[in-house]
Amino acid sequence: GAAIELENLTKRYPGSPQPAVDNVSLEITAGETVVFVGPSGCGKSTTLKMINRLIEPTGGRIRVGGEDVTDMDPVKLRRRIGYAIQSAGLFPHMTVAQNIALVPRMLGWPKSRIRSRVEELLDLVGLDPGEFRGRYPRRLSGGQQQRVGVARALAADPPVLLMDEPFGAVDPITREHLQDELIRLQQELRKTIVFVTHDFDEAIKLGDRIAVLRERSHIAQFDTPEAILTN
Ligand code: ADP
Ligand code: ADP
């Protein structure tokens with residue numbers, strides 16, 4: 001069934017003449033990677049933030065795993081959705097391990113389980129746990145910060161991963177590495193991923209399906225990369 005359903009989703013920010021997201025409907029299947037690609041300002045971030053309930057829609061519905069996000073218990077929401085953003089959004093006063101442990105701690109996992117999960121996640125994203133667990137974000141490269149951001153989003157093993165331009169702030173070579181690793185991770189983990197970018201090549205590379213967005217998140221096309229490239 002559908003892992004994520006958007007139904008007539010609309011967001012109008014107070015004081016804005018135009019809605020940022022206007023009447024968007026879309027279904028995302030469990031286990032697929034859907035990339036939202038579109039120009040800056042077309043409403044991609046706003047859509048992801050509504051799915052993660054960081055902001056409230058002005059209209060329409062969002063279901064994740066068949067359940068309305070609006071009524072979902074916050075703990076359940078955190079278990080279900082991982083969120084990774086541009087520049088990783090790491091807390092500077094926390095070590096790598098503490099950053100990754102954020103959601104598991106919120107969920108009340110025992111310390112020993114959190115500790116072993118952090119080690120496992122650092123391995124998964126290609127960072128040596130001994131070298132990195134105790135470091136502060138300012139002592140990491142941009143690419144290393146992004147890896148930690150992805151590890152944090154994966155910490156409680158959520159079925160759904162929302163990624164908002166997660167590789168937007170790193171150099172092109174590092175970005176390619178991170179893209180390749182995400183593809184490898186995805187083959188291993190089979191998450192439902194919604195990935196936002198303004199980079200069409202990135203969309204083609206990562207998406208099982210691609211939603212090409214115009215202004216106010218109007219969906220111009222929603223199809224496989226092959227179909228989009230031949231149209
Ligand atoms: P994208 O992620 O595609 O760059 P956004 O979702 O960030 O687009 O923004 C969509 C539109 O909503 C833009 O016109 C932007 O200026 C506006 N917008 C975003 N956040 C706010 C806000 N907090 N208040 C008012 N307008 C906003
Ligand atoms: P705030 O709204 O004050 O930033 P949040 O609790 O929403 O507080 O988010 C705290 C941090 O956790 C943020 O850096 C954000 O990137 C991250 N985060 C938010 N939602 C999720 C989620 N569902 N899963 C994992 N991390 C999240």
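**Exercise 1. Find the atoms that touch ligand 1.**

Start with the backbone: where does an oxygen atom of ligand 1 meet S45? In this predicted model, that oxygen atom is 2.8 Å from a polar backbone atom of S45.

Next, turn to side chains. T46 brings a polar side-chain atom to 2.5 Å from an oxygen atom of ligand 1, and K44 has one lying 2.9 Å from an oxygen atom of the ligand. Polar contacts here are pairs of N or O atoms within 3.5 Å, a limit that fits the 2.8 Å at S45, the 2.5 Å at T46 and the 2.9 Å at K44.

Then check the cover: on its own, ligand 1 has 560 Å² of accessible area, and the protein covers 55% of it.

Finally, list the neighbours. Y13, A20, P39, S40, G41, C42, G43, K44, S45 and T46 sit around ligand 1. Sorted by class, that shell holds four nonpolar, five polar and one charged residues.

**Exercise 2. Do the same for ligand 2.**

Begin with the surroundings: N52, L54, R78, I81, G82, Y83, G89, F91, V103 and R152.

Now pick out the polar atoms. A nitrogen atom of ligand 2 is 2.7 Å from a polar backbone atom of I81. N52 puts a polar side-chain atom 3.1 Å from a nitrogen atom of the ligand, while R78 has one 2.9 Å from an oxygen atom of ligand 2. As for cover, the protein takes up 66% of the 540 Å² of accessible area that ligand 2 has on its own.

**Exercise 3. Trace the sheet of six strands.**

Step one is the order: β6-β7-β8-β3-β9-β10, an open sheet with mixed pairing. Step two is the edges. Which strands pair on one side only? They're β6 (81-85) and β10 (219-223). From one strand to the next, the twist averages 15°.

Step three zooms in on one pair. β3 (residues 33-37) and β9 (residues 209-213) run parallel, joined by four bridges. Look for V37 here, standing opposite V212 in β9.

Step four adds a helix. α1 (residues 44-51) packs on this sheet and touches β3, β6, β7 (160-164), β8 (192-197) and β9. The helix direction makes about 150° with that of β7.

**Exercise 4. Build the sheet of four strands, pair by pair.**

Take β1 (residues 2-11) and β4 (residues 59-64) to begin with: five bridges join them, and they run antiparallel. T10 stands opposite G59 in β4.

Move on to β4 and β5 (residues 67-68), antiparallel again with two bridges. In that pair, R63 faces D68 in β5. The β4 and β5 hairpin has two residues between the strands, and G65 takes a positive phi near 60° there.

Now go to the other partner of β1. Six bridges pair β1 with β2 in the antiparallel sense.

Put the pairs together and you get an open sheet in the order β2-β1-β4-β5, with antiparallel pairing. Why is one side of β2 and of β5 left without a neighbour in the sheet? Both strands stand at the edges and have a single partner strand each, so one side of each has no neighbour in the sheet. You'll also find E5 opposite E27 in β2.

Last step: bring back α1. The helix packs on this sheet, touching β1, β2 and β4, and its direction makes about 120° with that of β1.

Methods:
Residues are numbered from 1 along each chain as its sequence is written. Chains are lettered from A and ligands numbered from 1 in the order in which they are written. This is a predicted model: local features need pLDDT of at least 70, side-chain atom pairs count only at pLDDT 80 or more; totals for chains, interfaces and linings use all residues. Side-chain values use heavy atoms; hydrogens and water are left out. A residue is near a molecule or strand if one of its heavy atoms lies within 4 Å of it. A polar contact is a pair of N or O atoms within 3.5 Å; within protein, one must be able to donate a hydrogen and the other to accept it, and residues adjacent in sequence count only if both atoms are side-chain atoms. Accessible areas come from the Shrake-Rupley method with a 1.4 Å probe; for residues, only the protein chains shown count as cover. Ala, Val, Leu, Ile, Met, Phe, Trp, Tyr, Cys and Pro count as nonpolar, Asp, Glu, Lys and Arg as charged, and the others, Gly among them, as polar. Two strands pair if DSSP finds at least two bridges between them. Axes are lines fitted to C-alpha atoms, for helices over the stretch in contact, and angles run from 0 to 180 degrees between N-to-C directions. Contact means heavy atoms within 4.5 Å.
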